[in-house]
Protein chains: 2
Amino acid sequence: MDHYHAVIMAGGGGTRLWPLSRKERPKQSLKLLGERTMFQIAVERLAPLFTTDRIWVVTSDRYAADLHRQCPGLPAENFILEPAPRGTAPAIGLAAARLRQRNPRAVMACLTADHFIGDEARFRELLAAAAQVAEQDYLVTLGIAPTFASTGFGYIQRGERLERVGGFEVYRARRFKEKPAQPEAEAMLAGGQHAWNSGMFVWRVERFLAEVERQIPALHQVLTAATPEALAEVWGQAPDTTLDYGIMERAEDVAVIPADGLGWNDIGSWEALLEVLPTDAAGNVVLGAEHLSFDTSRTLVHASGGQRLVATLGVSDLVVVDTGDVLFVCPRDKTQDVRRVVDALKQRPDGAEFL
Amino acid sequence: MDHYHAVIMAGGGGTRLWPLSRKERPKQSLKLLGERTMFQIAVERLAPLFTTDRIWVVTSDRYAADLHRQCPGLPAENFILEPAPRGTAPAIGLAAARLRQRNPRAVMACLTADHFIGDEARFRELLAAAAQVAEQDYLVTLGIAPTFASTGFGYIQRGERLERVGGFEVYRARRFKEKPAQPEAEAMLAGGQHAWNSGMFVWRVERFLAEVERQIPALHQVLTAATPEALAEVWGQAPDTTLDYGIMERAEDVAVIPADGLGWNDIGSWEALLEVLPTDAAGNVVLGAEHLSFDTSRTLVHASGGQRLVATLGVSDLVVVDTGDVLFVCPRDKTQDVRRVVDALKQRPDGAEFL
């Protein structure tokens with residue numbers, strides 16, 4: 001299916017993995033899982049399904065050169081530069097407009113650069129199935145069958161069953177639900193009618209751009225800019241909004257494929273990283289450091305500030321992150337609160353160097 | 001009293017404060033309490049009582065230059081070099097022999113370089129009182145009135161009351177007891193007849209050397225060596241033993257002064273350091289690092305590997321020590337087990353660089 005393109009969104013910052021993730025070192029450029037960056041992993045898992053000329057990256061000028069260095073096999077022209085970050089809706093709109101110029105029949109998968117996917121072969125099967133559904137003019141959202149009552153993800157309620165494609169059940173999407181409170185999350189998990197919203201979508205570019213034109217005409221107008229210079233001039237007029245909120249919640253003919261077995265995780269916290277990485281017998285994960293462990297269990301040690309010896313004695317359920325300039329110590333079940341540290345640094349005159 | 005001399009024992013290694021204390025960086029040379037090394041503090045607290053020509057240091061060739069750099073006001077000839085470390089009995093024997101050459105009537109206080117003393121004025125009062133008792137030919141041991149049932153110190157049982165000197169009660173010492181088990185420690189605390197053995201002693205050098213001659217004639221023979229070269233040749237014949245075990249346990253006319261109110265602590269573990277240092281309102285101690293603290297209490301952060309930001313979130317009763325090449329994380333009540341890490345490093349081919 002040579003008109004099927006993958007578009008990787010890699011413009012983001014994000015500080016949920018502070019102190020490792022920084023403004024200049026976003027999550028997609030981190031070697032969270034070992035030797036390869038998250039972006040490299042995201043590109044490489046697509047290779048069996050997409051030739052490199054059909055793998056696109058939406059990012060900003062700030063990150064493009066580094067990302068290209070990470071994946072030199074991608075054509076330079078496949079890096080689509082946002083003049084400034086304005087949310088996923090303008091970013092994907094830009095990619096869709098570019099792809100329509102090449103081929104009005106193009107189908108695009110909108111993918112993330114910083115998520116963990118355990119079963120990559122199954123992920124590609126899902127992408128292939130989603131493209132078939134997209135060809136029927138649905139806006140397809142890739143759902144994740146929930147495994148616990150998460151309050152950290154958005155949810156998608158399914159409606160009528162549409163079909164079965166490539167081993168996946170496909171449903172009409174009835175309702176998008178933003179991150180819920182705990183009781184609501186538990187009710188949705190128990191009800192069995194909701195999938196997590198992975199933030200990944202598949203659609204025909206023309207179908208998507210028609211939806212943009214209908215819902216956000218100002219954005220559609222911006223996307224008609226003929227040159228990079230013209231685009232930069234009008235980009236500020238694009239509403240700063242996400243695909244979910246700006247397009248999907250009020251879109252027509254939305255489908256959802258609630259996939260299970262992907263081993264998907266958005267690695268939204270240090271604790272999440274500890275969950276996806278292989279552990280030793282005591283449940284520890286050690287990256288980047290030589291570790292001397294005594295009575296230590298369920299602990300993550302992540303050292304990127306130069307090789308050093310890390311000795312832990314009598315600790316459990318702890319996260320220790322050493323970036324050289326910063327040392328962060330936190331119990332694993334509190335790691336989502338790292339934003340408190342980040343917020344405090346934003347208030348400090350000298351905080352910027354650590355952000 | 002110009003024949004009263006202070007001898008600081010500063011030859012020791014010790015790894016109880018690993019990874020900060022190392023073979024080449026012994027405890028007495030560490031800035032555990034802030035800006036000054038333990039050795040500098042030990043010398044400076046003596047200055048109101050001893051002129052610098054009467055402050056002596058027993059150490060080894062390995063440490064002498066560094067110690068002299070720390071206290072350049074001490075005369076070079078006051079650094080007495082052991083040819084090799086052989087315990088406190090030969091070390092103090094060496095110093096006693098040297099002092100006797102100067103003045104057979106000399107009284108010497110045998111002091112430590114790596115202990116914390118909160119009330120330095122009271123400590124000097126104790127030293128002055130002890131000298132008066134020593135002039136009566138007692139071997140005086142400085143005791144510490146115990147404040148809890150410690151299993152980490154030796155104990156001294158007191159016998160008959162001898163006198164009151166300078167506000168201190170003086171007793172004949174009945175029995176030396178090495179580090180006890182917990183029930184025995186509790187019984188001794190409850191009984192009120194025992195003091196901790198501080199490892200500090202005061203005596204006339206002739207009286208002490210006579211005791212050496214009586215109990216360890218081989219050591220006494222070694223101490224008669226006339227030159228450093230002669231000493232180096234016979235030093236290996238000196239028994240490797242401590243003052244406590246080699247001399248005091250079987251000595252005659254031993255006195256003990258069980259002092260209270262000194263704020264004495266031998267800083268035998270990271271937890272002990274946390275106990276003697278001033279804390280913030282949440283009970284935290286931070287040295288050498290900029291600290292961002294969130295929901296953090298009773299925690300010690302000690303950073304000596306270059307200025308860095310240390311952020312702790314949701315931790316309590318933890319010790320974090322960063323020396324640049326090593327990071328050590330341990331709950332405060334487990335820090336005495338650091339010897340397990342040290343022992344493991346001794347077994348490793350590449351462990352020496354961290355010891």
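Begin by selecting strand β8 of chain B, residues 168–177, together with β10(B); in this predicted model, the two strands run antiparallel and are joined by 2 bridges. Within this pairing, find B:Tyr171, which stands opposite B:Val256 in β10(B).

Next, add strand β6 of chain B, residues 139–144. This strand runs parallel to β10(B), and 6 bridges join the two. Here B:Thr141 has B:Val256 as its bridge partner in β10(B).

Now select β10(B) by itself, residues 254–259. Is this strand mostly covered or mostly open? It is mostly covered, as 6 of its 6 residues are buried. Display the side chains: B:Val254, B:Val256 and B:Pro258 point one way, whereas B:Ala255, B:Ile257 and B:Ala259 point the other way, and all of them are buried.

Proceed to the contact between the chains. Chain B contributes 26 residues and chain A contributes 26 residues. On chain B, the elements that each supply at least two residues of the side touching chain A are β13 (290–294), β15 (309–313), β16 (318–322), β17 (326–331) and α11 (338–347). The largest share, 6 residues, comes from β17(B). Colour this side of chain B by class to see 18 nonpolar, 2 polar and 6 charged residues.

Then select strand β15 of chain A, residues 309–313, with β17(B): they pair in the parallel sense over 4 bridges. One place to look is A:Leu309, whose bridge partner in β17(B) is B:Val326.

Finally, show both chains. A turn of 180° with a shift of 0.0 Å along the axis lays chain B on chain A with an RMSD of 0.0 Å. The two copies are therefore related as by a two-fold rotation axis. Moreover, 100% of the interface residues of chain B are also interface residues in chain A, so the copies meet through the same surface.

Terms used: Residues are numbered from 1 along each chain as its sequence is written. Chains are lettered from A and ligands numbered from 1 in the order in which they are written. This is a predicted model: local features need pLDDT of at least 70, side-chain atom pairs count only at pLDDT 80 or more; totals for chains, interfaces and linings use all residues. Copies are superposed by least squares on the C-alpha atoms of residues with pLDDT of at least 70 in both. Two residues are in contact if their C-beta atoms, placed from the backbone, lie within 7 Å. Ala, Val, Leu, Ile, Met, Phe, Trp, Tyr, Cys and Pro count as nonpolar, Asp, Glu, Lys and Arg as charged, and the others, Gly among them, as polar. Two strands pair if DSSP finds at least two bridges between them. A residue is buried if 20 or more other C-beta atoms lie within 10 Å of its own, exposed if 12 or fewer, and partly exposed in between; C-beta atoms are placed from the backbone.
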